[in-house]
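I opened this one with a fresh page and a simple plan: look things up one by one and jot down what turns up. Here are my entries, in the order I made them.

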Amino acid sequence: MKIDNLLYKESEWLKGTGPKANTVISSRIRLARNVDGYNFFTTASPETKRKIFDDIQAAVKKCKTLKGASLLSMKEITELDRQFLVERHLMSLEHVAEPESKGLVLDDKEVVSIMINEEDHLRIQVLQSGFNLTEAWRIIDAIDNDLAERLRFAFSPRYGFLTACPTNTGTGLRGSVMLHLPALAMTNQLNSVFQAISKLGLTIRGLYGEGTEATGEFYQISNQVTLGYSETDLIDNIEKIISRIIGRENTTRASLLSKNKEEITDKVWRAMGTLRSARIITSNETITLLSTIRLGIDLAIIKEPDVKVLNELFILMQPAHLQKLEGKALSPQERDVKRAALIREKLKS
Amino acid sequence: MMCDICNKREATVHLTEIINDKVTKMHLCEACAKEKGEEMETHFGISDLLQGLADFGVPHEVKGKKNLKCAACGFMFSDFQKIGRLGCPKCYDSFAPQLVPLLKRIHGSDRHMGKLALKMEKGKQQPSRVQELQELKIKLQEAIAGEAFEEAVVIRDKIRQLENSLGQREDNENR
Ligand SMILES: [Zn+2]
Ligand SMILES: [Zn+2]
């Protein structure tokens with residue numbers, strides 16, 4: 001696979017077509033697996049790491065569920081390309097450093113990705129557009145079964161799938177939903193939501209921004225617990241809680257619109273004005289403004305652009321993407337200029 | 001050996017605690033152990049209570065708490081405490097007394113309820129004696145945690161029997 005081809009391709013999960021796409025950007029399920037008979041990655045010798053890589057490569061080639069998928073060797077691609085794959089949510093930041101014996105299996109729709117030799121030998125991931133953990137589970141379960149026919153996973157009847165970190169043991173399943181919650185944020189309801197969530201075995205983190213201060217009101221909610229429940233129970237739990245959060249976000253949006261129509265309309269059009277006019281723009285400012293535009297579309301304050309375009313901009317405006325679009329390395333200042341130009345182009349009326 | 005507290009009944013519960021590199025031992029009868037259960041749990045910590053009672057099966061390094069080591073991969077428990085990652089899948093058995101309370105704290109459970117590894121589902125063979133041993137050790141931990149010391153002693157004896165029948169070979173490997 002040519003990584004550059006992805007640059008002009010629309011990822012399946014960015015289409016903005018999935019269920020509840022107005023509040024949910026994407027749903028993701030990840031399974032952690034290790035091949036039995038080897039040390040975990042951290043303590044494995046370079047020789048063992050190569051063997052693990054080879055075992056997995058051989059298994060992947062035989063899997064029907066992974067037909068047509070490509071296997072990238074991390075050491076054979078540039079650091080910029082690795083960064084690029086992180087920005088597309090196809091692998092973790094931890095997978096960028098020390099590329100020796102690390103790999104990535106990727107299907108052409110960017111739905112399935114498998115990190116080889118990350119913290120665990122395998123980190124299988126399935127991404128779906130909108131609120132759709134059920135479909136993500138259906139796909140990943142089949143891939144997992146397919147791989148298990150060809151690889152002996154480290155498993156104990158008591159503890160389940162054994163992982164390098166005890167926080168992942170059992171199902172090895174992490175379900176994450178990426179949410180856009182601007183109305184709950186504006187009405188200061190987020191804190192109470194977050195407190196309730198943590199009591200229900202889920203965790204939340206801001207998708208952008210440092211520490212607790214989130215930028216653009218995008219949040220990722222995931223299950224904390226992986227042991228003691230079946231996979232479908234874990235997924236049901238996330239779905240139930242998130243459905244309630246979505247419901248609250250939507251009613252708050254409606255009441256905001258009826259009570260503060262002028263203010264919100266003003267805010268949305270100002271955001272659009274800035275994005276269509278700026279010559280220099282940081283990624284933080286971009287995220288904040290795109291977040292407002294996204295709300296404006298859902299509340300029918302503006303009709304354009306399509307959510308798909310917004311989702312795409314969130315990906316394209318990141319450093320590695322900008323540099324790949326430009327075809328050369330850019331300084332942070334140069335990126336701010338390139339970013340502004342790209343946004344003007346995409347939001348042209 | 002008589003119980004350290006009542007000095008009337010046979011001591012069957014043995015506790016080991018390491019304070020400032022000094023090994024302190026207590027020998028109690030079941031009745032006194034039960035009575036002192038709560039006090040001991042706070043004083044010794046449940047894992048130490050376990051070590052005292054579960055004076056078998058666990059690799060010998062376990063006794064010197066500082067040198068707790070996985071017999072399969074050589075990973076030290078102290079390394080886990082530093083980096084938060086285990087050395088190999090067998091570490092889960094090697095450090096079971098330490099990991100079970102941790103798993104319960106993280107997940108509220110220490111028992112897998114999810115899907116099985118496909119190969120195991122198909123195999124459906126009898127659990128091996130090693131697995132059986134492992135299950136017994138888990139039951140023992142649970143009995144101790146629930147302060148069911150009489151039950152714990154019964155389980156302990158079963159474990160000893162099973163271990164004896166498993167022979168010397170493994171024993172030698174641990175040394
Ligand atoms: Zn006594
Ligand atoms: Zn180990």
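**Salt bridges, overall**

I began with the salt bridges, and the count over all chains came to 26. A reminder to myself before going on: this is a predicted model.

I looked up Lys324(A) next and found a salt bridge to Asp4(A), with the closest N and O atoms 2.6 Å apart. Lys324(A) sits in helix H11 (residues 319–326) of chain A and Asp4(A) in helix H1 (residues 3–7) of chain A, so this pair ties together parts that are 320 residues apart in sequence. Is Lys324(A) buried or exposed? I noted 15% relative accessibility for Lys324(A), and with under 20% as the limit that makes Lys324(A) buried. Its partner Asp4(A) counts as partly exposed at 35%.

Then I turned to Lys346(A), whose side chain meets that of Glu312(A) in a salt bridge (3.6 Å, N to O). This pair also links distant parts of the chain, since I found Lys346(A) in helix H12 (residues 332–346) of chain A and Glu312(A) in helix H10 of chain A, 34 residues apart. Both ends are partly exposed: Lys346(A) has a relative accessibility of 32%, and Glu312(A) has a relative accessible area of 29%.

I also wrote down one network, in which salt bridges that share partners join Glu118(A), Glu119(A), Asp120(A), Arg123(A) and Arg85(B).

For a local case I picked Glu47(A) and Arg50(A), whose side chains form a salt bridge at 3.4 Å, N to O. Both belong to helix H2 (residues 46–62) of chain A and are three residues apart, about one turn of the helix. I have Glu47(A) down as partly exposed with a relative accessible area of 44%, and Arg50(A) as partly exposed at 39%.

**Where chain A meets chain B**

How many residues does each chain bring to the contact? I read off 41 residues from chain A and 37 residues from chain B. The two chains bury about 3,200 Å² between them, and 62% of that is on carbon and sulfur atoms. On the chain A side, Arg158(A), Tyr159(A) and Pro166(A) lose the most area to chain B, together 25% of what that side buries.

I counted four salt bridges between chain A and chain B. One that I looked at joins Asp110(B) to Arg158(A), with the closest N and O atoms 2.3 Å apart. There are also 16 residue pairs in polar contact between the two chains, both residues being at pLDDT 80 or more. Helix H4 (133–148) and strand S7 (160–161) of chain A are the elements that give two or more residues to the side of chain A touching chain B. H4(A) supplies the largest share of that side, five residues. Sorted by kind, the residues on that side of chain A are 17 nonpolar, 14 polar and 10 charged.

**Aromatic pairs**

Over all chains I found seven aromatic pairs. Phe153(A) and Phe161(A) make an edge-to-face pair, 6.3 Å centre to centre with 75 degrees between the planes. Both of these phenylalanines are buried. The pair between Tyr159(A) and Tyr92(B) is tilted instead, at 5.8 Å centre to centre and 40 degrees between the planes. Tyr159(A) lies in the loop between strand S6 (155–156) and S7 of chain A, while Tyr92(B) lies in helix H5 (residues 91–94) of chain B, so this pair joins two chains. Tyr159(A) and Tyr92(B) are both buried. I also noted that Phe153(A), Phe155(A) and Phe161(A) form one aromatic cluster.

**Backbone and loops**

The peptide bond from Glu304(A) to Pro305(A) caught my eye: it is cis, with omega near -5 degrees. I located Pro305(A) in the loop between helix H9 (283–298) and helix H10 (307–316) of chain A.

Two residues other than glycine went on my list for positive phi: His89(A), near 65 degrees, and Asn7(B), near 60 degrees. His89(A) is in the loop between helix H3 (79–87) and strand S3 (103–106) of chain A, and it is partly exposed at 23% relative accessible area. Asn7(B) lies in the segment before strand S1 (13–19) of chain B and is exposed, at 55%.

My last stop was Ser92(A), which is found in the loop between H3 and S3 of chain A and counts as buried at 15% relative accessibility. Its side chain makes a polar contact of 2.5 Å with that of Glu118(A).

Terms used:
Residues are numbered from 1 along each chain as its sequence is written. Chains are lettered from A and ligands numbered from 1 in the order in which they are written. This is a predicted model: local features need pLDDT of at least 70, side-chain atom pairs count only at pLDDT 80 or more; totals for chains, interfaces and linings use all residues. Side-chain values use heavy atoms; hydrogens and water are left out. Contact means heavy atoms within 4.5 Å. Buried area is the accessible area (1.4 Å probe) that two parts lose on being put together, summed over both. A polar contact is a pair of N or O atoms within 3.5 Å; within protein, one must be able to donate a hydrogen and the other to accept it, and residues adjacent in sequence count only if both atoms are side-chain atoms. Helices (H or I, at least four residues) and strands (E, at least two) are DSSP runs, numbered from the N terminus. Ala, Val, Leu, Ile, Met, Phe, Trp, Tyr, Cys and Pro count as nonpolar, Asp, Glu, Lys and Arg as charged, and the others, Gly among them, as polar. Rings of Phe, Tyr and Trp (its six-membered ring) pair if their centres lie within 6.5 Å; planes under 30 degrees apart count as stacked, over 60 as edge-to-face and the rest as tilted. Buried means under 20% relative accessible area, exposed over 50%, partly exposed in between (1.4 Å probe, protein chains only).
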